[in-house]
Amino acid sequence: MSMIETDIQQKPVTMPTLALRGLVIFPGMLLQFDVGRRKSIQALEKAMDEDQLIFLVAQKELSDNDPTAEQIFSMGVVAKVKQVIRRSDDGIRLFAEGLYRAEAMSYESENPYLLANVQQVETLPARASRKAEALIRYTQNLFEQFVQNYTHIPPDIVIGVVQKKDCGELADYIASNIMFDFEEKQTILEELRPLKRLEKLAAILKKETQVLSIETQISEKAKEQIDRNQREYFLREQMKAISYELGEDDNPQQEADDLRERIEKLGLPKLQHDKMVKECDRLSKMPEGSHEGSVILSYLETCLELPWNIASKEHIDLRKARRILNREHYGLEKVKDRVLEVLAVKKLSPKIKGQIVCLVGPPGVGKTSIAHSIAEATGRKYVRVSLGGVRDESDIVGHRRTYIGSMPGRIVNALKQAGTNNPLILLDEIDKMGNNFRGDPSSALLEVLDSEQNNAFYDHYIDMPFDLSNVMFLTTANDASAIPEPLYDRMDVITLGSYTHLEKYNIAVKHLIPKQLKKHGIKASQLKITPAAVHRLIDGYTREAGVRTLERTVASLCRKCAKYYVEDSQAKISINPKKLEELLGPEKFKEDSRNKKDLVGLVNGLAWTSVGGTLLPIEVAVMDGTGKVELTGSLGDVMKESARTAISCIRTRAGLLGIKHDFYTKYDIHIHAPEGAIPKDGPSAGTAMATAITSALCNIPIRHDVAMTGEVTLLGRVLPIGGLKEKTMTAYRSGIKTVIIPADNVADLEEIDAAVKNSIQFKPVEQIDQALKIALTKMPTPQEVSDSSEPKTLPAANKIDRLSSGAASIPQ
């Protein structure tokens, strides 16, 4: 025995003490741990300065950061410091070896570190007996069972347990190498009788083995219920099994109670209240983790998110509304007046239902932005629902909950997004919906847009009536003819026409250019676009009904100029027409693109498209042949029939037009509409084709500054057409001076913009002969024929009136 050990046995020794938090060291045990508390570091430094012996003892409470002598166990272990590693974070890692049990008899001081009078504790010798041998075997068997359930024991520890034949040593060795509560380890340390110490350890091992066995059973029970490849599901099942063992399996009931409380706070009508409470009752009876339970939970959450009783405060101020509309939109006076009329009626009669307005017009004229302005003017929430390409009625009225992944329709989702039950919902591109074997979404909209029915709108997913009568619906469309008639009948249609050149100029100067300058980070003083350049931009680089291409072109200018500003922050650029061509290249639409000469067989027709009007030139060539008629240019069936009708019409009046009666047997007629890749159809080009055929057969040129529209019949009558406003707008943009229209369309001239009326002379006609007299540079000389050669199908009255009737112009 060493001198130090002999001294300790004789009398207490004063040595530095280190309080361990959650750790207990045993004699013969090698322990590595981190030291961070200031007192502990100073005690360790004191020990290193002397004989490297330090008294290690556990503190009673883990939460004590600065334990006093009363807060520390008296029994501990004197340890030899083997290694000290200083870490960069002001901490120390200590490696120590336990030597022998010791007890703190008293403490000399507690500051700056704990200094205790330590007395070595002698343990009673273990006497060999059958009971001790049996206890050792029993403990080793328990340890073996423990290892079977807890696989993190190194093999060398297992071998060490087998080799130990002393009760005290075996108890200390096992306690120092397995994980259990530090207070239980402290009881093992304080037990000085080896046999009793091993009995206590055996009891602890027995308990720990049982706990590990239960954990194993829980894990096995969970594994039996799940697929081994679904790790996430496996973890959830483990939690479920643990909750079952602890008697805490009440989560669905708690969720149901929380939802039921939210339902009561909403104050719903009886039907909706009873249905939701019934679903809550079903949820409370579902086992945790069941698929049906998650479906019910998702359904209830969706229903509770709907704004059943939440409404935004509506305030209608016509002056404010007019100010907002004028600020956001230039022109469109008739449209603004219609919008203000709708708001005025709503102001006088707040309870009026059926505020369903349809804005019809070509792209880029401001339909969507007008809807946003109306929402701002009325104080309603604004939600946009795009219907373009919708082909399934479930997109509108939702899917039934029987389907996997079912969800509510777009109307209910729009209400959730708005958060109020009286928003302004914009149904955009309502004319672009399709229908197929999945259903007809336009039919599903009938209930939504019917003010007499939508106070009890049923979504298939919600499966409860929801009141849509407070919602203000606005719809937009490019082509009103593509909207189904029952749906069109439920809406108040407001038509937005194409912009004139002057309107485009003002929109560009007041809105588009400032907007794009701000967007591109360019100051107004740095970039200036001259008025002449803006006019050239409108005429030479864009040709559209709206202003979207114009805005993109202005954005292109800003991008090109931004490069100069990055290179020279002080640069200032003024864009004139010449500079415009340098930046954007040659003009895409030249003024001379339209024919400037009077030519034979070439006439300017006018056509309507969903994006506005367009100029439709028609060419006719007459060649020697056998009477064949060739129609080219992607003409539709209606337009082909219109061409044949025009030929027959000219044949009935061939003599009056100076055409030989047998021309249809000696000549081939070829009618062509340029831009053959673009499909064309409709009857309104009949007058233009009849004029071009007459010009080609008589070899008389057609005036290049005249355009025309109208359907022609076999008897030469000119019938009314649609889309006159868009057609006259394109004539105005193309520089046409005279437009021939059917006499029955005179009433439609009231809708034509003043700028168009001031620039174009309108000529209403009832007969094709009146159109020919205006369009041809000269009238053909009638042939002198005998009565026997006069076509019998030609009415006598027509022969007298046809060429004598004049064409009156509309006074401007």
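## Exercises on charges and backbone geometry

D463 is partly exposed, with a relative accessible area of 36%. The exercises below concern a predicted model.

**Exercise 1.** State what sets the backbone of D463 apart, and find where D463 lies.

Solution.
- Step 1. D463 is not a glycine, yet its phi is positive, near 60 degrees.
- Step 2. For comparison, most residues other than glycine have a negative phi.
- Step 3. D463 sits in the loop between β10 (457-458) and β11 (465-466).
- Step 4. Partly exposed covers the range between 20% and 50% relative accessible area, and D463 is placed in this class at 36%.

**Exercise 2.** Carry out the analysis for E429: give its phi, its place and its exposure class.

Solution.
- Step 1. The phi of E429 is about 55 degrees, a positive value in a residue that is not a glycine.
- Step 2. The loop between β9 (424-428) and α17 (441-448) holds E429.
- Step 3. With a relative accessible area of 22%, E429 is partly exposed.

**Exercise 3.** Classify the peptide bond from N111 to P112 as cis or trans, and locate P112.

Solution.
- Step 1. Omega for the bond from N111 to P112 is near 5 degrees, and the bond is cis.
- Step 2. As background, most peptide bonds are trans.
- Step 3. P112 belongs to the loop between β5 (92-109) and β6 (114-120).

**Exercise 4.** The salt-bridge count is 33. For the pairs D281 and R260, E261 and K265, and E305 and K416, give the N to O distance and describe what each pair connects.

Solution.
- Step 1. A pair qualifies when a side-chain nitrogen of Lys or Arg is within 4 Å of a carboxyl oxygen of Asp or Glu.
- Step 2. D281 and R260 form a salt bridge at 2.6 Å. D281 is in helix α10 (residues 270-284) and R260 in helix α9 (residues 251-266), so the bridge ties together parts 21 residues apart in sequence. D281 is partly exposed at 33% relative accessible area.
- Step 3. For E261 and K265, the closest N and O atoms are 3.8 Å apart. Both residues are in helix α9, 4 residues apart, a separation of about one helical turn. E261 is partly exposed at 44%, whereas K265 is exposed at 66%.
- Step 4. The side chains of E305 and K416 meet at 3.3 Å. E305 is in helix α11 (residues 291-305) and K416 in helix α16 (residues 410-418), so this bridge joins parts 111 residues apart in sequence. E305 is partly exposed with 44%, and K416 is also partly exposed, with 27%.

**Exercise 5.** Which residues are linked with D172 in a network of salt bridges?

Solution. R101 and R197 are linked with D172 in the network.

**Exercise 6.** Name the residues of the positive surface patch and the helix that gives the most to it.

Solution.
- Step 1. K519, R559, K560 and K563 form the positive patch.
- Step 2. Helix α21 (residues 548-567) gives the most, with 3 residues.
- Step 3. One of the patch residues located in helix α21 is K563.

**Exercise 7.** Decide whether T209 is buried or exposed, and find the backbone oxygen that its side chain approaches.

Solution.
- Step 1. T209 is part of helix α7 (residues 194-224).
- Step 2. Buried means under 20% relative accessible area; T209 has 8% and is buried.
- Step 3. A polar atom of the T209 side chain lies 2.7 Å from the backbone oxygen of L205.

Methods
Residues are numbered from 1 along each chain as its sequence is written. This is a predicted model: local features need pLDDT of at least 70, side-chain atom pairs count only at pLDDT 80 or more; totals for chains, interfaces and linings use all residues. Side-chain values use heavy atoms; hydrogens and water are left out. Patches are made of residues with over 30% relative accessible area and no salt bridge: like charges are joined within 9 Å, nonpolar side chains (Val, Leu, Ile, Met, Phe, Trp, Tyr) within 5 Å. Accessible areas come from the Shrake-Rupley method with a 1.4 Å probe; for residues, only the protein chains shown count as cover. Lys and Arg count as positive and Asp and Glu as negative; His and the chain ends are not counted. The place of a charge is taken as NZ of Lys, CZ of Arg, CG of Asp or CD of Glu. Helices (H or I, at least four residues) and strands (E, at least two) are DSSP runs, numbered from the N terminus. Buried means under 20% relative accessible area, exposed over 50%, partly exposed in between (1.4 Å probe, protein chains only). A polar contact is a pair of N or O atoms within 3.5 Å; within protein, one must be able to donate a hydrogen and the other to accept it, and residues adjacent in sequence count only if both atoms are side-chain atoms.
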